[in-house]
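Subject: Handover of a structure and its findings

Dear colleague,

Please find the structure below, together with its sequence. I would be grateful if you would read the notes that follow with the model open beside you.

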Amino acid sequence: MRLDPLTLSFALALIYLVAAFILLLMSRHIKVFSGIIHWGIGALLVSMGFFFFFLRQMNQFEMFFIILTNIFQLIGFIFLYEGTYRFFVNKKRSPVFFILAVVFIPLIFYFTIVRDSLEMRVLIFSIFYSAFYALIAMLFFKAKMYQGRNAVIFIGSSMAFMSGILLLRFFIVLFTGMNLTFESGNLINSAIFIFGIVVTLFFAYGLALLVSQRLNEKLTGSMNRFKIIFDTIPDPITITDKETGKIIDVNKGFVSVFGYQPDEVIGEISLEIEYWKDEHQHRKFIREIEKRGYCNNFETTFQNKQKEEIIALFSGVVFKNEGRDFLLSVAHVITDTRMAEAEALVLKSAVEQSPASIVITDQKGLIKYVNPCFTQVTGYSLSEVFGKNPRILKSGSMSKLFYAEMWKTILAGNEWHGEFENRKKNGEIYWESASVTGIKNDIGEITHFIAVKEDITQRKIFNEELRIKNQQLNDLNAQKDRMFSIISHDLRGPFNGLLGLTNLISEDAQSMSKEEIVEIIGAIRKSAFNVFDLLNNLLDWSRNQQGLIPFRPEKMKVSEMLADCFESVEGVAKNKDIKLKFSTEDGILCRGDENMLKTVIRNLITNALKFTPRGGVVLLNVT
């Protein structure tokens, strides 16, 4: 049986061309797999190689078309190999294929242009393409079994079969010398062409089958992944038939949040289940979906099976499946968030209305927040102190050790209490009592510091005034005690003299002459006046100790002052039979407060009389 090789080559060219068209079309629409476009380009190049073989009948260009045939077919097989590698995402390319490709071209050139040998070209083509088919077949057989197992075995077997046919052809030509060139129309050569056509058809069909199986596996895997994701997401998700409003499916998050089991809601209308708290909100959500085809973060209130309120951000999108519109809805529950926000608002109001200054800093001690009371006390607004260190308030009077101890305490996670002397924006000094502590995150790390401070300037002033008053009271008590001591000391002597004179006249009045009685009465009168003057002087001294009598120094004669002092204690001296003497030069003057000096001198004389024995002498000498 003889078949025209040109006709067979043209048929192969058409088959590869159709396969190339199908593969390139598939690569345009199927983006999930890599390598399909390489298969399409490879089939197109092989098709062009067979077209060039068909054109070899033009004898004047035969050598040129031989070269083009081999080049295009080789490049085409390189693309087929690369496409197979990319499709199965092999980790490592085999260098053997590319080494053989590099060796193949020089050999074909040599036995075509330098030494025209058809038999050598047949041998080279057969052995090299047998290897090419075998290497491609190995990629298919090594492919993972989940990647279209049946199609992989089908294609790999076809490629291996073609590799064996070409290897058989190589040995027949090598050992028998039989003419098995493409130009010869013998039975074996025709069979090889027919096998090539069949293998090409199997290869093209197998690739289409492989892509189809891979797509099915991809789709099945996507569905499985979707189901896993659908049930894993904690937010409630519902899929609803848009036309009827009936629920098609719900995830586990829906069951967990709303308390309804799937069989209780699937096939039911959401409004009839009554998990929408407000029907008006439901209509508003549906209008938004109708208008835009989607709705994002629509805040509304639902209720679970136990009629407990659930605040959520509701989002939905319309999608098509098998010609029908469905609505995918997701409810992100924010009940706890809204409750936390309400609590935070209360805390914020409490902080802003607090009568104490509140300062919050970051971990580095830079101010991030101050409340209105801080501004009222210091004069600094938040914008003026934001990002600055609280040291801008320092008065400069407190030691570095004081601040070092404070930082040591709060960095250790403890609360610090103490008092600051700070300076306001206008330069005024003020005092404040402060409590400083660290704010920790969930893992116990200090992220911020908060200081709660109270202006105690007025308290400090009051305490200082109270301390002064207490000191003054203590001083007054001490003065009182001294006054009583002085009164006891200074007045006892004159009163003893006065008592002695009165006792004398009382006991001896009958035996005394009139002149003696008059003398004693005169002495009594004089002693009484002296006691009165002494009492006035003591009262003046007491007032002077309290700062009520000013110090009035003046010049005075010392002799006159001493005479007055001796005269005031003369009764005491006579009572103890003590002689009083003083000597001073006339004209000696001194400058001082007369009452104060007399009080001091009388004290000295009184002390002298007290410790001088009866019949003694008290002498005061001034020079």
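Two strands are said to pair if DSSP finds at least two bridges between them. Helices (H or I, at least four residues) and strands (E, at least two) are DSSP runs, numbered from the N terminus. By that rule, strand 1 (residues 237-241) and strand 5 (residues 324-333) pair in the antiparallel sense over 5 bridges. One position to look at is Asp241, whose bridge partner in strand 5 is Phe326. In general, the strands of a sheet pair through backbone hydrogen bonds, either parallel or antiparallel.

Before going further, please note that this is a predicted model, in which local features need pLDDT of at least 70 and side-chain atom pairs count only at pLDDT 80 or more, while totals for chains, interfaces and linings use all residues. Residues are numbered from 1 along each chain as its sequence is written, and side-chain values use heavy atoms, with hydrogens and water left out.

The sheet with strands 1 to 5

Strand 1 and strand 5 belong to an open sheet of 5 strands in the order 2-1-5-4-3, with antiparallel pairing. Strand 2 (247-250) and strand 3 (294-303) are at the edges with a single partner strand each, so one side of each has no neighbour in the sheet. On average, neighbouring strands here are turned by 25° against each other, direction ignored. Such angles run from 0 to 180 degrees between N-to-C directions, and axes are lines fitted to C-alpha atoms, for helices over the stretch in contact.

Helix 11 (residues 279-292) packs on this sheet and touches strand 3, strand 4 (309-321) and strand 5, where contact means heavy atoms within 4.5 Å. The direction of helix 11 makes about 170° with that of strand 3. Helix 12 (residues 335-352) also packs on the sheet, touching strand 3, strand 4 and strand 5, and its direction makes about 140° with that of strand 4.

The sheet with strands 6 to 10

Another open sheet has 5 strands in the order 7-6-10-9-8, again with antiparallel pairing. Its edges are strand 7 (367-370) and strand 8 (416-423); each has a single partner strand, so one side of each is left without a neighbour in the sheet. The average turn between neighbouring strands is 30°, direction ignored. Within this sheet, strand 6 (residues 357-362) and strand 10 (residues 446-455) run antiparallel and are joined by 6 bridges. Ile360 stands opposite Ile450 in strand 10. Helix 15 (residues 400-411) packs on the sheet and touches strand 8, strand 9 (429-440) and strand 10, with its direction at about 140° to that of strand 8.

Asn426 lies in the loop between strand 8 and strand 9. Its relative accessibility is 60%, and Asn426 therefore counts as exposed (buried means under 20% relative accessible area, exposed over 50%, partly exposed in between, with a 1.4 Å probe and protein chains only).

A pair of helices

Helix 3 (residues 62-88) and helix 5 (residues 118-141) pack at an angle of about 10°, with their axes 9 Å apart. The two helices are therefore roughly parallel to each other (angles under 35 degrees count as roughly parallel, over 145 as roughly antiparallel, 65 to 115 as roughly perpendicular and the rest as oblique).

A buried lysine

Lys598 is found in helix 20 (residues 594-611). With a relative accessible area of 12%, Lys598 is buried. Not counting residues up to four places away in sequence, Lys598 touches Met561, Asp564 and Cys565.

Yours sincerely
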